[in-house]
Every structure is written in structure tokens, then in C-alpha cells.
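Biologist: I am new to this structure and would love a close look at one part of it. Could you take me through the second largest cavity and how it sits in the protein as a whole?

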Amino acid sequence: MVKWDSNAPLELLKEMPAQLSKDNLQKIQLVIDKDKYICSSELQRDLCGEYAPFCEFCDKNITYPCAVAYVKMKQIDGMNIEIAAENAENEVQPEADSCETAAEEEVVEVQPKKRIRIAIAKKRVNN
């Protein structure tokens, strides 16, 4: 079973101020996205929403959903940390889904589908 790297975001969070900025959230999001991408690749499916314990706090409509959910989980665990008011933690995310934008992007070329036409020829009989 693939397990999420709980140490990487925690170590990053320990180096950050108690008042998290957008840049801080973005860094946390990238660390989580990278590990989530690796775990998803190993299991060959998207783990968004079931990747880690903090997924239960996830709101996919905000800009840094994993980072905010992780911070909420740490707050519940008793960590003295806040998201700065100007970050608008409920800021709506643009159309791209965070789960689709991993730290490492893979370029896949899509080949057009080839169609095969099968025809049955009937011999014309002249009377």
C-alpha cells in the first residue's frame, strides 16, 4: 500500500511563520501535489480526495485546497498556525483542478482515432 509522505509538508510548515501567506500555501500545495502525483502514479489512479487524512477537510473550489486542508488538520491537532486574512482561504480557484496539476506534468500526445470502413460489395447483375 502506498502511503503519503507526512514528513515533507510538516518540515516545510515548521520553517514557515505562524501567519501563512499565499506563497507559503503555494509551497505546501506543491509539496503535497508532488507526493500525491507519485502515489497516484504507483496506484495508477487519481487519489484526490482519498490521498491523506486531511482530505476530509478539502474544498476543491479554493486555490490551494490540499494546503488549506492540511493546515486545518494541523490546527485541529493543536498547532498554532493561521492563514493570513488577505489570503481569502475561500478564494475560488480558476477552472483548472488542483488534482490535475501535479508538481511534475506529463505530456501525452493524443493520437486521432482511425476509422475503418467496411463495405460489402454486391455484384450488379445485368438482365
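**A look inside the second largest cavity**

Modeller: Happily! Of the protein's 127 residues, 33% count as buried. Please keep in mind that this is a predicted model. To get your bearings, follow the chain from the N terminus: the elements come in the order α-β-α-α-β, which adds up to 3 helices and 2 strands. Among contacts with a separation of 6 or more, 66% are between residues 24 or more positions apart. On the outside, the protein exposes about 9600 Å², with carbon and sulfur atoms supplying 49% of that area.

Now let us go inside. With a cut-off of 30 Å³ or more, the count comes to 2 cavities. The one you asked about, the second largest, has a volume of about 40 Å³. Its lining is made up of 10 residues. If you would like to find the spot in the viewer, look for Gly 49, Phe 54, Cys 55, Cys 58 and Cys 66, the lining residues that lie nearest the centre of this cavity.

Which element gives the largest share of the lining of the second largest cavity? That is helix H3, spanning residues 65–76, which supplies 3 residues. As for chemical character, the lining of this cavity divides into 8 nonpolar residues, 1 polar residue and 1 charged residue. Gly counts as polar here, whereas Phe and Cys count as nonpolar; therefore Gly 49, named above among the lining residues, is the 1 polar residue in that division.

Key: Residues numbered from 1 in each chain as written. Predicted model: local features only at pLDDT ≥ 70, side-chain atom pairs only at ≥ 80, totals over all residues. Heavy atoms only, no water. 1 Å grid on protein atoms, 1.4 Å probe; cavity = no way out; pocket = protein on both sides within 12 Å on 5 of 7 lines; lining within 4 Å. Points joined across faces, edges and corners; volume = space filled by probe spheres on them. Helix = DSSP H or I, 4+ residues; strand = E, 2+ residues; numbered from the N terminus. Buried < 20%, exposed > 50% of the residue type's maximum accessible area, 1.4 Å probe, protein only. Contact = heavy atoms within 4.5 Å. Areas by Shrake-Rupley, 256 points an atom, 1.4 Å probe, with all protein chains shown as cover.
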